[in-house]
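Open the model in your viewer and keep the sequence panel beside it. This tour goes stop by stop, with a selection to make at each one.

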Amino acid sequence: MLLGVLLACVVGAAVLYALFFWLIPAAVQHNAWAALLWHDVIVERFLDFVTSSTRPQRLLKAVQKKAIRGDPQSVISTIDNFCRSSEWAMNVGDEKGTILDSVVCEVSPGSALELGTYCGYSTVRIARLLPPGTKLITVEFNPDFAKVARQVIEFAGLQDKVLLVEGPSGDLIPKMRDQFGITTFDLVFLDHWKDRYLPDTKLLEECGLLQKGSVLLADNVICPGTPEYLAYVRSSPKYDSKYFKSHLEYTKVEDGLEKSIFLG
Ligand SMILES: C[S@@+](CC[C@H](N)C(=O)[O-])C[C@H]1O[C@@H](n2cnc3c(N)ncnc32)[C@H](O)[C@@H]1O
């Protein structure tokens, strides 16, 4: 009798494990809203509850345990492994990350801005490729995410290449000149909440923070999607815009990056 109950518990646990970590993740791989609902709502809330921690805290723990201190590439690979094998997270990810890398290398910016830091994954990706002397300003309004990002950036050894500023982008962009001595940005990576892409782009223009040749690179233009922003940069004579097709981080759902060169 006892053996039967024990066996039923083991089989039940195995079925639940397979469902949670294998069958459902595989089933939602191709559907945008199912994937986001599963990974970003159901699994995150469940794991937050059972572990009494947050996803950024768990991601940081993985970095501290498995990555090599002072080695940005190992921090990036550790986060990608964590997101593929344990928990999805809203980083730009490895696939779109290679497109981001190539744009950073091509622009080789003297000044760079990132909107939306989260845990610092893309910050590390960008900062490791910056030319000597260039500092990346990254903006994050969630203090808990900013706290984790600082530790990830420091673990990667890139604290001298990054200035993490806490606050809403809409308040900080107009202060870039006076508070941070920025004249214009050569590269802006937009990866914050999607409804801010268009107003913040217009704000960057109004504040004179873009010059001829400045590059805007926008993530998630298909999933979750930024239709107003896309319509603007694709139709405005002020931009030469190009889409780079890829996939939503760590899934097979279509997503991509839009690279828009400011023409002045
Ligand atoms: C998709 S995540 C960024 C992912 C990160 N760029 C990466 O690839 O590793 C979006 C982040 O933007 C932040 N955010 C959203 N809207 C913002 C705003 N208006 N100002 C500052 N941060 C914002 C959110 O708190 C969140 O951490």
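Which residues surround the ligand most closely? Select the ligand and show its neighbours. This is a predicted model. The shell holds 21 residues. Val92, Gly116, Ser122, Glu140 and Asp191 are the closest of them.

**Stop 1: polar contacts of the ligand**

Start with Asp191. An N or O atom in the Asp191 side chain lies 2.7 Å from a nitrogen atom of the ligand. Move on to Val92 and show its backbone. There, a polar backbone atom sits 2.7 Å from an oxygen atom of the ligand. Now select Tyr118. A polar backbone atom of Tyr118 is 3.5 Å from a ligand oxygen.

How much of the ligand does the protein cover? On its own, the ligand has 610 Å² of accessible area, and the protein covers 98% of that.

**Stop 2: the shell as a whole**

Colour by secondary structure. Helix H6 (121-127) and strand E2 (136-140) are the elements that each give two or more residues to the ligand shell. Next, colour by residue class. The shell has 9 nonpolar, 8 polar and 4 charged residues.

**Stop 3: the largest pocket**

Hide the ligand and look at the space it takes. That space is the largest pocket. Its volume is about 540 Å³. The lining counts 31 residues. Select Met90, Asp191, His192, Trp193 and Lys194 to find those nearest the pocket centre. Asp191 is thus on two lists: it is among the closest residues to the ligand and among those nearest the centre of this pocket.

Which elements line this pocket with two or more residues? They are helix H2 (32-51), H6, E2 and helix H8 (169-172). H2 gives the most, with 4 residues. By class, the lining has 16 nonpolar, 9 polar and 6 charged residues.

**Stop 4: the second largest pocket**

This pocket has a volume of about 270 Å³. Select Phe21, Pro25, His39, Cys83 and Arg84. Of the 15 lining residues, these are the closest to the pocket centre. Helix H1 (2-28), H2 and helix H4 (72-85) each give two or more residues to the lining. H2 therefore appears again here, having also lined the largest pocket. The lining of the second largest pocket splits into 8 nonpolar, 4 polar and 3 charged residues.

**Stop 5: two backbone details**

Most residues other than glycine have a negative phi, and most peptide bonds are trans. Two places here depart from that pattern.

Select Ser52 first. Ser52 lies in the loop between H2 and helix H3 (55-66). Is its phi positive or negative? Positive, at about 50°, although Ser52 is not a glycine.

Finish at Cys223 and Pro224. A cis peptide bond joins the two, with omega about 0°. Pro224 lies in helix H11 (residues 221-225).

Definitions and conventions. Residues are numbered from 1 along each chain as its sequence is written. This is a predicted model: local features need pLDDT of at least 70, side-chain atom pairs count only at pLDDT 80 or more; totals for chains, interfaces and linings use all residues. Side-chain values use heavy atoms; hydrogens and water are left out. A residue is near a molecule or strand if one of its heavy atoms lies within 4 Å of it. A polar contact is a pair of N or O atoms within 3.5 Å; within protein, one must be able to donate a hydrogen and the other to accept it, and residues adjacent in sequence count only if both atoms are side-chain atoms. Accessible areas come from the Shrake-Rupley method with a 1.4 Å probe; for residues, only the protein chains shown count as cover. On a 1 Å grid over the protein atoms alone, a cavity is a set of points where a 1.4 Å probe fits but cannot get out, and a pocket is an open set with protein on both sides within 12 Å along at least five of seven lines; lining residues have an atom within 4 Å of a point. A molecule sits in a cavity or pocket if more than half of its atoms lie within 2 Å of its grid points. Ala, Val, Leu, Ile, Met, Phe, Trp, Tyr, Cys and Pro count as nonpolar, Asp, Glu, Lys and Arg as charged, and the others, Gly among them, as polar. Grid points are joined across faces, edges and corners, and a volume is the space filled by probe spheres set on the points.
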